[in-house]
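Please look over the chain shown here, first as a whole and then through its internal spaces and one chosen residue. The report below is meant to be read with the structure open alongside it.

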Amino acid sequence: MLKIEIDEQSGFCFGVTTAIQKAEEELAKGAPLYCLGDIVHNGKECERLKRMGLITIDHATFAELHNAKVLLRAHGEPPETYETAKRNNLQLIDATCPVVLKLQQRIKKKWQESANEERQIIIHVQSGHAEVLGLVGQTHGEAIVIENTSQLDRISTDKNTYIYSQTTKSLEGYRQIAEAIKERINSDKEVEYFDTVCRRVSNRMSGMSKFASEHQLIFFVSGRKSSNGKILFDECKRTNSNSYHIEGPQEIDFSLIEGVESIGICGATSTPKWLMEDCRQAILNYNNNNDEN
């Protein structure tokens, strides 16, 4: 008999859950609601909220918007966004994740405290990720963003150096790049490394590995824009080579199921539970149809 298990630890993190709840509450009132950027890095969930009336806009549209209500997603925004809202009489529903907000505040404080130094603030990021704009914005755009060790030539070796990470990066990957940065800085300069990876994301790594090891076949459900989705899927693949990244049930290769007795379905912190359930149901329907035939 085919066993299909959905990972209990997978699904929305606290920040995403809060943002979506706020969106749903406002949409229930019937008034127009805008969201600055995709509320979550999952196309299926964005489509669901669009059907409810959520209007997703970019920063260019936001700058021209007046007298409206706008939700700020969990990823956070730079100070300029709040200034624009005040100028354009926009009512903000701020759903910035508390973990992201705390990191923004830490970076801003360090930037202000070290203003009289020859210093640099370095942020380890995923290029293009929504969270990065808000983090770099705390330094008036002067922070140096580093995605991998091939970009270390961007940094000065002769400045006091303060190192942070986007909250959804791999903890081990961040430690490695922080060490590589430290090695490049002259010994007479100060180097501080701050552990800013969200534990609600990083703690899922060991659980994801255990879950992947317990099944013959893994379907990892996540939007391909998701930063932690990529990290968690890589962990699945490392543990169980028979792991496949899909965005939804339409991407399931049912030929993979033949002869398999145990299937695990898991996902990122941006993956809704209902989408994993849809994948499970699609597999059950396929299996039941085959049994009947």
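What follows describes the overall build of the chain, then its cavities and its largest pocket, and finally the setting of a single threonine.

The model is a predicted one, and its chain of 293 residues has 50% of them buried. The secondary structure comes to 11 helices and 12 strands, and the C-alpha trace spans about 75 × 50 × 25 Å along its principal axes. Among the contacts in the chain with a separation of 6 or more, 73% are accounted for by residues 24 or more positions apart.

Turning to the surface, the accessible area of the chain comes to about 14300 Å², and carbon and sulfur atoms hold 46% of that area. The chain carries 35 positive and 42 negative side chains, while the centres of these two sets lie 4 Å apart.

A search of the whole structure finds three cavities of 30 Å³ or more. The table sets the largest of these beside the largest pocket.

| Space | Volume | Lining | Residues nearest the centre |
|---|---|---|---|
| Largest cavity | about 290 Å³ | 24 residues | C13, V16, H75, T168 and T269 |
| Largest pocket | about 380 Å³ | 16 residues | H124, K169, S170, K230 and I231 |

For the largest pocket, the elements that give two or more residues to the lining are α7 (171-184) and α10, and α7 provides the largest share, with five residues. In the largest cavity, at least two lining residues are supplied by each of α1 (14-27), α5 (98-113), α8 (199-202) and α10 (227-239). The largest share of that cavity lining, three residues, comes from α1. Helix α10 therefore appears in both accounts, as a contributor to the lining of the largest cavity and to that of the largest pocket, under the definition of helices as numbered from the N terminus.

The last part concerns one residue of helix α4. Is T81, which lies in this helix (residues 79-87), buried or exposed? Its relative accessible area is 4%, and because buried means under 20%, T81 counts as buried. Which residues does T81 contact, once its neighbours within four places in sequence are left aside? On that basis T81 is in contact with L36, H59, F62 and L72.

Technical notes
Residues are numbered from 1 along each chain as its sequence is written. This is a predicted model: local features need pLDDT of at least 70, side-chain atom pairs count only at pLDDT 80 or more; totals for chains, interfaces and linings use all residues. Side-chain values use heavy atoms; hydrogens and water are left out. Buried means under 20% relative accessible area, exposed over 50%, partly exposed in between (1.4 Å probe, protein chains only). Contact means heavy atoms within 4.5 Å. Helices (H or I, at least four residues) and strands (E, at least two) are DSSP runs, numbered from the N terminus. Accessible areas come from the Shrake-Rupley method with a 1.4 Å probe; for residues, only the protein chains shown count as cover. Lys and Arg count as positive and Asp and Glu as negative; His and the chain ends are not counted. The place of a charge is taken as NZ of Lys, CZ of Arg, CG of Asp or CD of Glu. On a 1 Å grid over the protein atoms alone, a cavity is a set of points where a 1.4 Å probe fits but cannot get out, and a pocket is an open set with protein on both sides within 12 Å along at least five of seven lines; lining residues have an atom within 4 Å of a point. Grid points are joined across faces, edges and corners, and a volume is the space filled by probe spheres set on the points.
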